[in-house]
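Colleague: I've got a new model open and I'd like to talk through how its parts touch. Can you walk me through it?

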Amino acid sequence: MRADAGTGRPDRRPDSPPLVRLEEVTKSFPGVVANDRVTFDVRPGEVHALLGENGAGKTTLVNVLYGLYRPDSGFVLVRGRRVTIRSPREAIALGIGMVHQHFKLVLPHTVAENAALGLKGTPFWAPARGVGRRLRELSERYGLPVDPDRRVWELSAGEQQRVEILKALLRGAEVLILDEPTSVLTPQETGELFKVLSRMREEGHGVIFISHKLTEVLEVADRITVMRRGRVVGTVAAAGADKPMLARMMVGREVVFRLTKRACTPGDAALNVEGIHVRNDRGLPAVRGVSFSVCRGEIFGIAGVAGNGQRELVEALAGLRRIERGRVCILGDDVTNRSPRLLSDIGVAHVPEERIRMGIVPGLSVEENLILKRHHRPPFCRAGLLHPASVRRFAQTAIEEHGIVTSNPKTPAKLLSGGNIQKLILARELSGQPALVLAAHPTYGLDVGATEQIRELLLRQREAGAGVLLVSEDLEEVMELADRIAVMFRGEITGVVSAGEAKREEIGMMMAGEERVRG
Amino acid sequence: MDLGWLVSTVSRALAFGVPLLWGTLGEIYAERSGVVNLGVEGMMILGAYAGFAVAQTLGHPGWGLLAAAAVGVVAAVWHAFLTVTLRANQYVSGLALTLFGLGLAGLLGRGWEGRPLRVPLGTITVPSLAEIPVLGPMLFVDQTILTYLGILLAVVLWVVLFRTRWGIAIRSVGESPATADSLGINVTVVRYLCVALGGLLAGVGGGYLSVAYRPSWTEGMTAGMGWIVIALTIFASWDPLQAIWGAFFFGALYHLSFRLQAYVSPELLKLMPYAFAILVLAVSGFGGARWRRRAPGSLGVPYVRGER
Amino acid sequence: MKRIGPFIVERRLAPPRHVVFGVSVLAVVVALLLAALVFWAYGVSPWRAYAEIGRGTLGTVDGLSDIVRRAIPLILCGVGLTLAFRAQFWNIGAEGQLLAGAVAASGVALFVPVPDGLRLPLMFLAGFGAGALWAVIPALLRVKLQVNEVISTLMMNYIMAYIVEWLVHGPWKGPTMRGFAYTDMFPTAARLPLIAGTRVHWPTLGVGVVAALVVGLILSRTRLGYEVRVVGQSPDAARYAGISFTVVLSLAMVISGGLAALAGVGEVAGIHWRLRSPSHISMGYGYTAIIVAWLARGSPIAAILTALLFGLIFAAGDLMKTTLGLPFQITGVFNGLILFSLISSDLLMYWRIRWRRRGEAWT
């Protein structure tokens, strides 16, 4: 892969002036300095990666460049000229395009309508038709196939990303910012994206590529700038860089790449799933005849690109979504389509994907959040009356045990940091010796410290004899933690491998829908 | 049921549906841009008062309607200021607008109470179309110009919403303001304009009541029509064309509640449109998501840049 | 964070209690200033108007008792609404629920044969039941059929108002009332005792205060209150926690509607002693109670105080009619203004403005 990406590289014109340059940019939010005197530039015909952990300030920096934030100090140069970018509109006019991590698309609209939105030069009447033609031209030139008349919600994440890139190109973007573009892609789609980026490099565009994944940054970038806690640690040429060096710069210390995972003998089945079918919010089949089982004392990982039915699967197992066909047994009892409350009462813990929207009640205090789901049972509630002393006692233990940083247990949960919110959820879910833990993207978006702590917690559950179902987009995480790994693709499980014998490439193929020959 | 009865019922239903149609078209635009305005009742009553007062003073119904439109815009812009700029709760702001509007119109209108308008808006007869048997007298006689303007407006507003750049911008702002913002659409301006248009049309709808339909001023003469408008907006799935038949259906209900008084007690008849509004929404709830088209994605949610 | 001249404007996520209180008081003061403009436009000196109001309401026993009398229905409706609003259920239907209570109480007072001693308790009971029943319909419509409760509760206000009209014009029209649309007068056993020399029907007042305390306890100390708060703050988390929306919203509306209905019982049994046209029974208490609950920021105890404030406004409205010749509609304008300034002040609570400290310019 590395080699064929390399052949596409044109002369890099190191002396050509940068397309854009951010000079000493500082931007702070209440309580955090997100960017501290950051200087960064991108030249024509190069891919400049911005590498750093979640929360290092990468997104804030490009948001300044795209006019979404105004810097507290420092300034922006476009083609050597100092400019003030007050809005995305001005950024677009200056030839800057951005593909956000969470796509900025109007889902119920068609591709063409999305492309026409706010686009100069589209006809007033029937704008979608007018823009469709230009879309087709561009998609051929850059190798980005899409159908202008499809509605965006029908498209896969990869296709939606193409729409975003086309939108930027339509607006004459010379500099394209891609914020964590590969997080929604299969390895194969990632390869295709990299080919598109090479095309853009050849055409003289500058690309800012934001990522926290070392491998792909090394693969695609010409230069790499590493950020940590709002500051630039350094900028290096990709040619002379390697993974350990980047990792050190990124984290600021040597990184331990392996957790200690004790040997565990799997026990009886904690969960048996037999051929279940589940629909998504739009009423379309999302999980199609999935069967597997999770034993006690085992972590069963589900890998796969987001949007292939993992969310619906987990929600169905947690009782939040109707199972149309099939059967779910927990500890041998048939619990198909039972209520979330019953499932929680028999020992199913659920660490939800959307932790702020679903996992906590933002305005309720930390202690009140800690009893959610068990608020109706003794000792917290007797005859309909809450028991504040028991709640307080339980909260204090949980806060200490899990190291939740909060000024006091009465603080509203919304004031906690992301990592502490997740710790709160895990403290609550894991407190009652669950038989089965459903963990969806448990470390997504967290810093290294919290991530390690949470992985540690999941391993401890496994040792304590719980069955753990781990869904994650982070393939490394699944391979590190799980005993067995299943891959989901378009609502089906394309194969199950045991962690010891799994190879990255093989799982990658399965993520793209290649059936594994079971043997 | 004889033919004459049917003809006059349809004709009156059409006339009574006009304020509902104008109001609903306005609310559709406001909600398509993501702003619920529960102040329709308040804007309509203010429009009705202003329309009457100005038409009476200046002696021409045209000025009255203009004044009604202007008052509606002012009230709506105030709602937009509170909800878009100050990001206040849209429900509460709309309720406040209704309370305030009913109070203010009642206060100012005390002197005019019960007096007939000197020069009401005249009715027209559409040449040649009126000659068609049955349909002619049903649809083309004894209507004011606002009936036909309203239908034309519905068509125009549909075209603008679904076939022009402006429409894409409006719908995008209502579905996903962050997306529109990231592409340089000014969310604030779009929402102000749509809410203001909503006020303009609601104002005219109110003005129609006092200047054309029942040319006089009575306190509380909108009688909850503003709320029916809110229900109709949902019922019409935020589609200007569907608002046409929805409005005239409820116009018929209102009219029938007068018409059937010989058979049923008038008080029970008067509650019919309100009961139907609930019924209609409940029935559309039966079909679930398939039957009913979704509300705009960010309806009721103030937009704050940079918040996810 | 923003800099405006020498000031720094910061976002704050959870405003402390004294800020909420201060901002709310400020909002009321601003509304009074705006109302002064209305007086002035009406050719009445605002000074004189406020002086008259102060003297006539707060300065005399009659005035004070009138405030309390007006506050009674507002307390009951307002307290109930705080519970519904905490569940983010937009109950705009207190007006109709109040009327439902009035209807049920009148029915019991006039047509049900019971011993005298039981008549009043039974009226309260029947009133509560009718209001609860009327209020639970929109809750079920919302949970089962996704019908927006703002519309359904509002429509039901109109429906109940016309039902009352129908009753007093038709089947329940008192034979002794000649041309008037009244029912017959209630028997004495169906009339509430008053504090001597006033129109304060104290049993209803007592019920209102107790209701405020009980709803306060429900919210903070019971499973139902906890679930109401979870449902209101985060419907997704409620689903996740296995909380039943049907149960929680229905119970909240049973209490909310039931309390509003008790206000209706109080009005017919304490003031009018008969059922009459809806605009006489209520004067828009149910709508004003929305502001009462909103100003109380969802606290039932605070709703007692805010209800007294609006009782004052109603009393002032009466006074202005008699002494200044201003129409009663001015209270509607007043209420609208208070609500407007209240919601605009929300922003102030969530943003903090302070002086920029030296050397802080670039952080």
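Colleague: How far apart do the C-alpha centres of domain 1 of chain C and domain 2 of chain C lie?
Modeller: Keep in mind that this is a predicted model. The domain assignment splits chain C into domain 1 (1-44 + 326-363) and domain 2 (63-323). Between the C-alpha centres of these two domains, the distance is 30 Å.

Colleague: Which element gives the largest share of the side of domain 1 of chain C that touches domain 2 of chain C?
Modeller: The contact takes 12 residues from domain 1 and 10 residues from domain 2 of chain C. On the domain 1 side, α1 (17-41) and α14 of chain C each supply at least two residues. The largest share there is seven residues, and it comes from α14(C).

Colleague: How many charged residues are on the side of chain C that touches chain B?
Modeller: Here 36 residues of chain C meet 37 residues of chain B. Helices that each give at least two residues to the chain C side include α5 (116-145) and α6 (149-169). That side has 24 nonpolar and 10 polar residues, and the number of charged ones is two.

Colleague: Which element gives the most to the side of chain B that touches chain A?
Modeller: Chain B and chain A put in 21 residues each. The chain B side divides into seven nonpolar, seven polar and seven charged. Elements giving two or more residues to it are α7 (165-175), α8 (177-182) and α14 (288-291) of chain B. With six residues, the one that gives the most is α7(B).

How values were computed:
Residues are numbered from 1 along each chain as its sequence is written. Chains are lettered from A and ligands numbered from 1 in the order in which they are written. This is a predicted model: local features need pLDDT of at least 70, side-chain atom pairs count only at pLDDT 80 or more; totals for chains, interfaces and linings use all residues. Two residues are in contact if their C-beta atoms, placed from the backbone, lie within 7 Å. Helices (H or I, at least four residues) and strands (E, at least two) are DSSP runs, numbered from the N terminus. Ala, Val, Leu, Ile, Met, Phe, Trp, Tyr, Cys and Pro count as nonpolar, Asp, Glu, Lys and Arg as charged, and the others, Gly among them, as polar. Domain bounds come from an automatic or database domain assignment.
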